[in-house]
Amino acid sequence: MLSFKKILCPIDFSEASLESLKTACDMAAQFKAELLLLYVRPMTVLPPEVLGMPGFNFVQFERQQSDEAQRRLEGIARGQVPGTLASRVLLREGDAGHEILQTAADEKVDIIVIATHGMTGWRHYLYGSVTQRVLQNTPCSVLVVRSASPRSK
């Protein structure tokens, strides 16, 4: 019988990822599973002229960026994850595909519920697909939730 005890749902604050969160919440309720919401903050890359500005504190800037991401993620959890579900929010920094896979392995999740933005053509070629990288390298099952919005071409 199919059973999931731990579900990972990557969130990038897009409408598509919030749609996948609804599916992940439904699954967590049905299976009485723990739900992990993960946001992967991209590494900060600033031009040298910004880094060299008098009074600019890179460490403080990074902390502010992480704090803001944590607040947003916790707000989504409070607003969209039913209080009856066991859930946690996780914040990582780096390459989204790598960090999703690493978190799935570290947390020993049973399934990843992830959105696809449906990019095609040059956008897919240029940006690649985090979902595709996760599918190709995952240590567990993956449910891909297609966004209801029209695909970008």
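**Group meeting: strand β4 and helix α4**

Good morning. The accessible surface of this protein comes to about 9,100 Å², and carbon and sulfur atoms hold 54% of that area. Please keep in mind throughout that we are looking at a predicted model.

Let me begin with the overall layout. The protein has six helices and five strands. Followed along the sequence, these elements come in the order β-α-β-α-α-β-α-β-α-α-β. The chain has 153 residues, and 37% of them count as buried. If we take the contacts with a separation of 6 or more, 77% are between residues 24 or more positions apart.

I now turn to strand β4, which covers residues 111-116. How many of its six residues are buried? Six of the six are, so the strand is largely enclosed by the rest of the structure. Its side chains may be followed in two sets: Ile-111, Val-113 and Ala-115 point one way, while Ile-112, Ile-114 and Thr-116 point the other way.

Which strands pair with β4? One is β1, residues 6-10, which pairs with β4 in the parallel sense over two bridges. Within that pairing, Leu-8 has Ile-112 as its bridge partner. Another is β5, residues 141-146, where the pairing is again parallel and runs over six bridges. Here Val-144 of β5 stands opposite Ile-114.

Next, consider helix α4, residues 96-107, to which Glu-99 belongs. Is Glu-99 buried or exposed? The cut-off for buried is under 20% relative accessible area. Glu-99 has 12% relative accessibility, and therefore counts as buried. Its side chain makes a polar contact with the side chain of Arg-92, at 3.5 Å. Beyond residues up to four places away in sequence, Glu-99 touches Leu-38, Val-40, Arg-92, Glu-93 and Gly-94.

Ile-100 also lies in helix α4. Its relative accessibility is 3%, so Ile-100 too counts as buried. What does Ile-100 contact, once neighbours within four places in sequence are left aside? The list includes Ile-112 and Ile-114, two residues that point to one side of β4. Leu-8, the bridge partner of Ile-112, is also in contact with Ile-100. The remaining partners of Ile-100 are Pro-10, Leu-38, Val-40, Val-130 and Val-134. Leu-38 and Val-40 are familiar, for Glu-99 touches them as well.

One last distance concerns Ile-100 and Thr-131, which are 31 residues apart along the chain. Their C-alpha atoms are separated by 9.6 Å.

Thank you for your attention.

Conventions. Residues are numbered from 1 along each chain as its sequence is written. This is a predicted model: local features need pLDDT of at least 70, side-chain atom pairs count only at pLDDT 80 or more; totals for chains, interfaces and linings use all residues. Side-chain values use heavy atoms; hydrogens and water are left out. Helices (H or I, at least four residues) and strands (E, at least two) are DSSP runs, numbered from the N terminus. Buried means under 20% relative accessible area, exposed over 50%, partly exposed in between (1.4 Å probe, protein chains only). Contact means heavy atoms within 4.5 Å. Accessible areas come from the Shrake-Rupley method with a 1.4 Å probe; for residues, only the protein chains shown count as cover. Two strands pair if DSSP finds at least two bridges between them. A polar contact is a pair of N or O atoms within 3.5 Å; within protein, one must be able to donate a hydrogen and the other to accept it, and residues adjacent in sequence count only if both atoms are side-chain atoms.
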